[in-house]
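Visitor: I am new to protein structures and would like to learn how to read one. Could you walk me through it, one feature at a time?

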Amino acid sequence: YGMHQLVVTSADDFTMMPVAAYLRFDLDTALIGKFIAGVTLELTAQDSATAASDASGAVWRANAFTQTSIDMVSPGTIGTAIATDPGAVAKHATVDWDVSDLIVTPGAPVCVAVQSMSSDPAIYEDHASATPPVLYVDVY
């Protein structure tokens, strides 16, 4: 896929295989001693006609990975979806998933996958874009 794209689809146009977006967020130690009230994953669809989809995708826990390891093999998912598909996504729209069921540990990575059951691909901005994926951790 093109530069700065995170694509999720049940069957891409070339291989007819599912394509998932894997995301890793490295949390710092500022969360130590804090109560985690909620966690939200936010992705922004690209501003192109092909970015829109009839499905946003569901979020799953993913096995831990690094940039090097994901270039070699897909990390895979764990268990069942922790956030369901919120529905259609328009181009340049922001999609939020409540992923409060994630285990968030200060100083440890959080790894997730966004997968879609639709063959209509949703295309999101990646980490190098102007609107990268964000994991909001609400604490008090």
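Guide: Gladly! Keep in mind that this is a predicted model. Let us begin with a sheet: an open one of three strands, in the order β6-β3-β9, with antiparallel pairing.

Visitor: Which strands stand at the edges of this sheet?

Guide: The edge strands are β6 and β9 (134–139). Each has a single partner strand, so one side of each is left without a neighbour in the sheet. On average, neighbouring strands here are turned by 25° against each other, direction ignored.

Visitor: How many bridges join β3 to β9?

Guide: Six bridges join them, and the two strands run antiparallel. For one example, look at Gly-38, which stands opposite Asp-138 in β9.

Visitor: While we are on β3, is Thr-44 buried or exposed?

Guide: The cut-off to know is that buried means under 20% relative accessible area. Thr-44 has 6%, so this residue is buried. You will find Thr-44 in strand β3, which covers residues 36–44. Thr-44 also shows how a fold brings parts of a chain together: Thr-44 and Glu-125 are 81 residues apart along the chain, yet their C-alpha atoms are separated by 5.8 Å.

Visitor: What is the strand order in the sheet of four strands?

Guide: That open sheet reads β2-β7-β4-β5, and its pairing is antiparallel. Its edge strands are β2 and β5 (77–83), each pairing on one side only. Neighbouring strands in this sheet are turned by 30° against each other on average, again ignoring direction. Follow β2 to its partner β7 (residues 109–115): the two pair in the antiparallel sense over six bridges. Within that pairing, Arg-24 has Cys-111 in β7 as its bridge partner.

Visitor: I have heard of salt bridges. How many does a search of the whole structure find?

Guide: First the general idea: side chains of opposite charge can pair when their charged atoms come close. In this structure the search finds one salt bridge. Asp-26 forms it with Arg-24, and the closest N and O atoms are 2.8 Å apart.

Visitor: How exposed are Asp-26 and Arg-24?

Guide: Asp-26 is exposed, with a relative accessible area of 56%. Arg-24 is partly exposed, at 33%.

Visitor: Now for pockets. How much space lies in the largest pocket?

Guide: About 550 Å³. Among the elements that give two or more residues to its lining are β1 (5–8), β2 (21–26) and α1 (67–70). The largest share, five residues, comes from β2.

Visitor: Which residues of the lining lie nearest the centre of the largest pocket?

Guide: Of the 20 lining residues, those nearest the centre are Leu-6, Tyr-22, Leu-23, Gln-67 and His-127. Sorted by character, the lining has 13 nonpolar, five polar and two charged residues.

Visitor: One last feature, the backbone angle phi. Which residue has a phi near 65°?

Guide: Met-16 does, and this is a positive value in a residue other than glycine. Met-16 lies in the loop between β1 and β2 and is exposed, with a relative accessible area of 56%. His-92 also has a positive phi, of about 65°, although it is not a glycine. Look for His-92 in the loop between β5 and β6 (94–98). At 46% relative accessibility, His-92 counts as partly exposed.

Visitor: Thank you, I will go back to the picture and look for each of these.

How values were computed: Residues numbered from 1 in each chain as written. Predicted model: local features only at pLDDT ≥ 70, side-chain atom pairs only at ≥ 80, totals over all residues. Heavy atoms only, no water. Salt bridge = Lys/Arg side-chain N within 4 Å of Asp/Glu carboxyl O. Buried < 20%, exposed > 50% of the residue type's maximum accessible area, 1.4 Å probe, protein only. 1 Å grid on protein atoms, 1.4 Å probe; cavity = no way out; pocket = protein on both sides within 12 Å on 5 of 7 lines; lining within 4 Å. Points joined across faces, edges and corners; volume = space filled by probe spheres on them. Nonpolar A, V, L, I, M, F, W, Y, C, P; charged D, E, K, R; others polar. Pairing = 2+ DSSP bridges. Axes fitted to C-alpha atoms, helices over the stretch in contact; angles between N-to-C directions.
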